[in-house]
Amino acid sequence: MKTSRFLTLTTCMAALVLATSCSSIKGLGRKGNGKQKSEQTTSKGKKKKAADAQQAATELPDSIQQQAFLQQVNDNAQHARFITSKIKFSVEVGNQQMTLTGNLRMKRDDVIRLQLMAFGFVEAGRLEFTPEYVMIIDRINKQYLKVPYSHLEFLRTSGIDFYVLQALFWNELFQPGKNHLTDANLKSFTAEAGADDDIVVAMESGKLSYRWLTDRSSAQVKMANIKYDDKYRGNYQLNWDYEDFKKHETKFFPMTHKITFNTPKKDLKFEMMLNYMGNEDNWETRTTLSGKYRQVEVDEILRRFMAL
């Protein structure tokens, strides 16, 4: 596989980090893959859906009932200290598409690492997120970017930090500025009946609006959404869909993550599929580089992305 394809993928994923702060959502109830449900339903099915929606609407208006449901959603968070897996990447930027394999290694409250592999066994790139910094490594050209979150304007202005990114990767609720959600924090969220058997969890923070699509019966997060409307720069959106849930220890975890970014100029689609749910802990949680690597600036990464 050509070097340019690895550079393209690394750049796209760097843009993923930079774009999370300026994101919005179109059509909260839709699936991440854009496929529409069939409009052909039986009369009995329509009546059942209407009854379910009415039941949800009557059960959730009370604040105590909303908080009880929100507690259920928050209780679905993983208890595992480590999550590891072989993964398959699928990336689409405009007319460019590519698929690569790699590794996902996460340690709760410590690190999220994505390794991109060439030919299935040679590491071509790496993304590493810790509470202190964002690190993007281009193994092919011996280049890297390592900066604190405060140095990335989009992340700084919107309050996106390691713990927000962790919640997105770990399929959990989050509140910017909070490392973990407590019962008291949940009072900032609302829960209302959505389409079919969905409950829409919402929270507002300044110009940003946060939405989670959850399943009413299981209280599982099916989609996370962040909305940012800017009348000068245009609208930005993020959809993070979760599919194919498998049981890991006592909790369920999505094996497929579908992320869609829409900006006024660029669209980015990224799919990550886990092969299994592991808990390996015999790996170094911080990457060290030799003197052969050259550090690049944020602007250089952004220029590459805009040139795609």
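Biologist: How do you know that the 13 residues of helix α3 (residues 63-75) span what they should?

Modeller: At 1.5 Å a residue, helix α3 should span 18 Å, and its end C-alpha atoms sit 18 Å apart, so the two agree. Bear in mind that this is a predicted model.

Biologist: Fine. Which residues of α3 are buried?

Modeller: Those are Q66, F69, L70, V73 and N74.

Biologist: And what puts them on the same side of α3?

Modeller: Their arc around the axis is only 140°, so they share one side of α3. As for partners, the buried residues of α3 pack against β7 (190-193), β8 (198-205), β9 (208-215) and β10 (221-230).

Biologist: Let's do salt bridges. Why is the pair E123 and R126 called one?

Modeller: The cut-off is within 4 Å, nitrogen to carboxyl oxygen. The side chains of E123 and R126 meet at 2.9 Å, N to O, so by that cut-off the pair counts as a salt bridge.

Biologist: Why is E123 called buried?

Modeller: Buried means under 20% relative accessible area. E123 has 18%, so E123 is buried. R126, at 10% relative accessibility, counts as buried too.

Biologist: What about R211 and E204: how far apart are their closest N and O atoms?

Modeller: They are 2.8 Å apart, and the two residues form a salt bridge.

Biologist: Are R211 and E204 buried or partly exposed?

Modeller: Partly exposed runs between the 20% and 50% marks. R211 has 22% relative accessibility, so R211 counts as partly exposed. E204 has 48%, so E204 counts as partly exposed as well.

Biologist: And what makes D244 and K246 a salt bridge?

Modeller: Their side chains meet at 3.6 Å, N to O, and the limit is within 4 Å, so the pair qualifies. D244 has a relative accessible area of 40%, so D244 is partly exposed; K246 has 42% and is partly exposed.

Biologist: Which residues are linked in a network of salt bridges?

Modeller: D110, E132 and R286. The structure holds ten salt bridges.

Biologist: What is the mean pLDDT of the protein chain?

Modeller: The mean is 80, with 75% of the residues at 70 or more. Among the elements, helix α1 (residues 3-19) has the lowest mean pLDDT, 45, and helix α5 (residues 162-170) has the highest, 95.

Biologist: Where does pLDDT stay under 50?

Modeller: Over residues 1-43, for which the model has 114 contacts beyond four places in sequence. Residues 49-58 are also below 50, with nine contacts beyond near neighbours in sequence.

Note on methods:
Residues numbered from 1 in each chain as written. Heavy atoms only, no water. pLDDT = per-residue confidence, 0-100. Helix = DSSP H or I, 4+ residues; strand = E, 2+ residues; numbered from the N terminus. Contact = heavy atoms within 4.5 Å. Expected span 1.5 Å × (residues − 1). Buried < 20%, exposed > 50% of the residue type's maximum accessible area, 1.4 Å probe, protein only. Arc of directions from axis to C-beta.
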